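Student: I'd like a close look at a single part of this model, and then at what lies around it. Could you take me through it step by step?

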Amino acid sequence: FKKSPVVGSLLARGLQIFNLLAKKSTSFFVILQTGSEASQFAYSHESQGSQFLMREPMGDAEAAKESRTSIRYFFPGQRRQDGKISRREVETHEMINATYLYSWLRDESVSINRYVAFVYDRSATGYVRLDSNETAQLSAEILAQELLDLKLEVRGELTEFAAGASSSLKAPLAPLEMSGGWFGIGIFRGKTEANHGTLWRTALTLGASFVFTIGQRYRSDSTEVSNDTFKTYRHIPMLRYSDIGEFSNTCPYSAPWIAVEMGGAPLTTFQHPLCGVYILGAEDHGLPKSVVSSSAYHVTLPASRPEACSYNVATAGAIVMYDRVLKATESEAG
């Protein structure tokens, strides 16, 4: 602790707290690494927090055995703080390169054929694109970070097929025709099962291929909604996603996201894409900005009274689907 008395004082206080909490603890070790040097300190419960048994500084080889790297990856529509953290032991930090990180993401069931990864570089205060075939070591500044943040974005050649589409998809589309195409619709962090059940039943009538929930907040132990006398589950599936990351990673191709939320383009003039996934906000909080900004389109429903422009979520979904069917029918009629 001679080089850093402040760190030594903080560590000593921390170990004293551990001693108070652990009434029946055994000995444990703490590793303090500064630059290329790593020292190991042993703490014993019998010492009652008054003694610290310091061992000799570990050599480079011994320190390498203790190397652990963590990544936090997050998908389009997902906030960085909500990303998934994964940790693993590495023999040495020198082995970590873009190819290694893509292999790691593949082990985490991330579709690397769909996504390109960007790693956060604190020294550049921004994200750096990772080439999946790059074998050169990452910069020392990046490797010095305790947690590597990996932002996933849809690969350029797939933007017309997947979520997080580029601005080119926001251009006006040709009128939708009934031949071909499909769509899905669902609720982000829905609060009540009744609203989801109503949406599901309406989706069947208006031609949806599937419905879904993302991070639902109601309990449901059955795929059959109690008030669904038509047994909609026999006709179109309902998919459950734990969070927006899982949804993004498994969302079908050729399906740009359409965010249905206040503040977007008016639905009255919107031309629906041939294939798409409509995402509705929760009853109480709507859609978060992270989901809206990652969507290819952002549409808003019309309202006669501005002070009451928020719809019931199932009703909002019904209006959007009806608008889609109506415009497709008008286009087909010429």
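Tutor: Let's start with an open sheet of five strands, whose order is S5-S4-S8-S6-S7 and whose pairing is mixed. Strands S5 (84–89) and S7 (126–129) stand at its edges with a single partner strand each, so one side of each has no neighbour in the sheet. On average, neighbouring strands here are turned by 35 degrees against each other, direction ignored.

Before going on, a word on what you are looking at. This is a predicted model, in which local features need pLDDT of at least 70 and side-chain atom pairs count only at pLDDT 80 or more, while totals for chains, interfaces and linings use all residues. Residues are numbered from 1 along each chain as its sequence is written, and side-chain values use heavy atoms, with hydrogens and water left out.

Some terms will help too. Helices (H or I, at least four residues) and strands (E, at least two) are DSSP runs, numbered from the N terminus. Strands of a sheet pair through backbone hydrogen bonds, either parallel or antiparallel. Two strands pair if DSSP finds at least two bridges between them.

Now look inside the sheet. S4 (residues 68–74) runs parallel to S8 (residues 147–154), and five bridges join the two. Tyr 73, for instance, has Leu 150 in S8 as its bridge partner. Helix H3 (residues 98–107) packs on this sheet and touches S4, S5, strand S6 (115–121) and S8 (contact means heavy atoms within 4.5 Å); its direction makes about 65 degrees with that of S4. Such angles run from 0 to 180 degrees between N-to-C directions, with axes fitted to C-alpha atoms, for helices over the stretch in contact.

Two charged side chains are worth finding next. The charged end of Lys 151 sits over the ring of Phe 118, 5.9 Å from its centre. Arg 80 lies over the face of Tyr 120, at 5.5 Å from the ring centre. To count, NZ of Lys or CZ of Arg must be within 6 Å of the ring centre and within 35 degrees of the ring normal.

For a companion view, turn to an open sheet of six strands with parallel pairing, in the order S11-S10-S9-S13-S12-S14. Its edges are S11 (238–241) and S14 (297–300), each with a single partner strand, so one side of each is left free of a neighbour in the sheet. S9 (residues 182–188) and S10 (residues 210–214) pair in the parallel sense over five bridges, and Gly 186 is matched with Phe 212 in S10.

Phe 212 also belongs to a cluster of linked ring pairs, together with Trp 182, Phe 210, Tyr 241, Phe 247 and Trp 257. The structure holds 13 aromatic pairs (ring centres of Phe, Tyr or Trp, taking its six-membered ring, within 6.5 Å; planes under 30 degrees apart are stacked, over 60 edge-to-face, the rest tilted). Phe 210 and Phe 212 make a tilted pair, 6.2 Å centre to centre and 40 degrees between the planes. Both are buried (under 20% relative accessible area; exposed is over 50%, partly exposed in between, with a 1.4 Å probe and protein chains only). Phe 247 and Trp 257 are tilted as well, at 5.3 Å and 40 degrees. Phe 247 lies in helix H6 (residues 244–250) and Trp 257 in strand S12 (residues 257–266), so this pair ties together parts ten residues apart in sequence. Phe 247 is buried at 1% relative accessibility, and Trp 257 at 0%.
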